Amino acid sequence: MPHKKKQLPIVLSIAGHDPSSGAGITADIKTIAAHGCYGVTSITALTVQSTRGVKRVDPVEGQMITETLEHLMDDLDIAAVKIGMLASAEAAKAVAAFLKRHSLRFVVLDPIIRSSSGAELISREGLQILKDRILPRVYVTTPNMDEAEALSGVTVATLDEMQRSALRLHEMGVPNVVITGGHIDPPHDLLSQDGKRITILKGQKIPGRSTHGTGCAFSTALTCNLAMGKDLVTAAKAAKRFVETALRKAPAIGKGIGPIL
């Protein structure tokens, strides 16, 4: 009998392209490979950026996104989906329609709103579509504190405010929320399941200037762990450990904020 190769969990990343590979599609591929999964992609936007920041964003045509996603779905057994930067209303509509057409168990939304350098990475109309038509169709969303505040309208600066923001996001239709607390000390994250079960993911501050892509790495690692069959709490804890390890080992690349892996 011929040896049957082990089937790798296939993880789909829907995100923008960062040519410096600190975040976006290429960073997601690195994280997916590190978890022993197989990554496939649909690019939503091309960017001009480096470790020094984002200079330009060109969204990909919505029809191109739709055709890419459908072609992948026709061919592959997708175990989990990570959604990152959408950039435009057209891209957001294409992804929302894709989620409506297909019943996917694990969809992780990392709601990218602006870059760490301050560049807007989704249009106002696109953000509204994300709130109204994408949030209610995902399994879990992983905003940082600023993104949670922008989505929920609730000020987020403490763990208590994280919980209030998570409750508002539940009201908006998302069953599970992880609000990452990288900007507080200690950098604890809050995981809320249906607004009833709260888990604090404890962290520690790791010094260094190579912090670009922490949100992408966390959300993608979470997606991979879900694809491999872990429950949400275990998957979130593993994703946080992955990011902390990456921060400790981050290479010194570029003249600005370097990548974590």
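In this predicted model, helices H2 and H3 cross in the right-handed sense. H2 spans residues 62–75 and H3 spans residues 89–101. Their axes come within 8 Å and cross at roughly 25°. An angle under 35 degrees counts as roughly parallel, and H2 and H3 are therefore roughly parallel to each other. On the H2 side, the contact is made by Gly62, Gln63, Ile65, Thr66, Leu69, Glu70 and Met73. H3 contributes Glu90, Ala91, Ala94, Val95, Phe98 and Arg101.

The strands come next. Nine of them form an open sheet, in the order E3-E2-E1-E4-E5-E6-E7-E8-E9. The pairing is mixed. E3 (53–59) and E9 stand at the edges. Each has a single partner strand, so one side of each is left without a neighbour in the sheet. Helix H1 (residues 24–34) packs on this sheet. It touches E1 (10–17), E2 (38–50) and E4, and its direction makes about 155° with that of E1. Helix H7 (residues 214–227) lies across E1, E4, E5, E6 (140–141), E7 and E8. H7 runs at about 165° to E4.

Strands of a sheet pair through backbone hydrogen bonds, either parallel or antiparallel. Both arrangements are found here. E4 (residues 78–83) and E5 (residues 107–109) run parallel and are joined by three bridges. Within this pair, Val81 stands opposite Val107 of E5. E7 (residues 176–179) and E8, in contrast, run antiparallel, with four bridges between them. Here Val178 has Leu191 of E8 as its bridge partner. On to E9 (residues 197–201), E8 pairs over five bridges, again in the antiparallel sense. Leu190 is matched with Ile200 of E9. E8 and E9 form a hairpin, with three residues between the two strands. Asp194 lies in the turn and has a positive phi of about 60°.

E8 (residues 189–193) is mostly covered, as five of its five residues are buried. In a regular strand the side chains alternate between the two faces of the sheet. Asp189, Leu191 and Gln193 point one way from E8. Leu190 and Ser192 point the other way. Residues of both groups are buried.

Tyr139 sits in the loop between helix H4 (124–134) and E6. With a relative accessible area of 23%, Tyr139 is partly exposed. This value is not under 20%, the limit for a buried residue. Leaving aside neighbours within four places in sequence, Tyr139 is in contact with Arg105, Phe106, Val107, Pro175, Asn176, Leu226 and Leu232. Val107, one of these contacts, is also the residue opposite Val81. The C-alpha atoms of Tyr139 and Val177 are separated by 8.6 Å, although the two residues are 38 apart along the chain.

The cysteines were examined last. A disulfide is a covalent bond between the sulfur atoms of two cysteines. The count comes to zero disulfides. For Cys37, the closest cysteine sulfur is that of Cys224, 4.2 Å away. For Cys224, the closest is in turn that of Cys37. The limit for a disulfide is 2.5 Å, so the separation of 4.2 Å is too far for a bond. Cys37 and Cys224 both count as buried, at 6% and 0% relative accessibility.

Note on methods:
Residues are numbered from 1 along each chain as its sequence is written. This is a predicted model: local features need pLDDT of at least 70, side-chain atom pairs count only at pLDDT 80 or more; totals for chains, interfaces and linings use all residues. Side-chain values use heavy atoms; hydrogens and water are left out. Buried means under 20% relative accessible area, exposed over 50%, partly exposed in between (1.4 Å probe, protein chains only). Two strands pair if DSSP finds at least two bridges between them. Axes are lines fitted to C-alpha atoms, for helices over the stretch in contact, and angles run from 0 to 180 degrees between N-to-C directions. Angles under 35 degrees count as roughly parallel, over 145 as roughly antiparallel, 65 to 115 as roughly perpendicular and the rest as oblique. A crossing is left-handed if the near helix is turned anticlockwise from the far one by less than a right angle, and right-handed if clockwise. Contact means heavy atoms within 4.5 Å.
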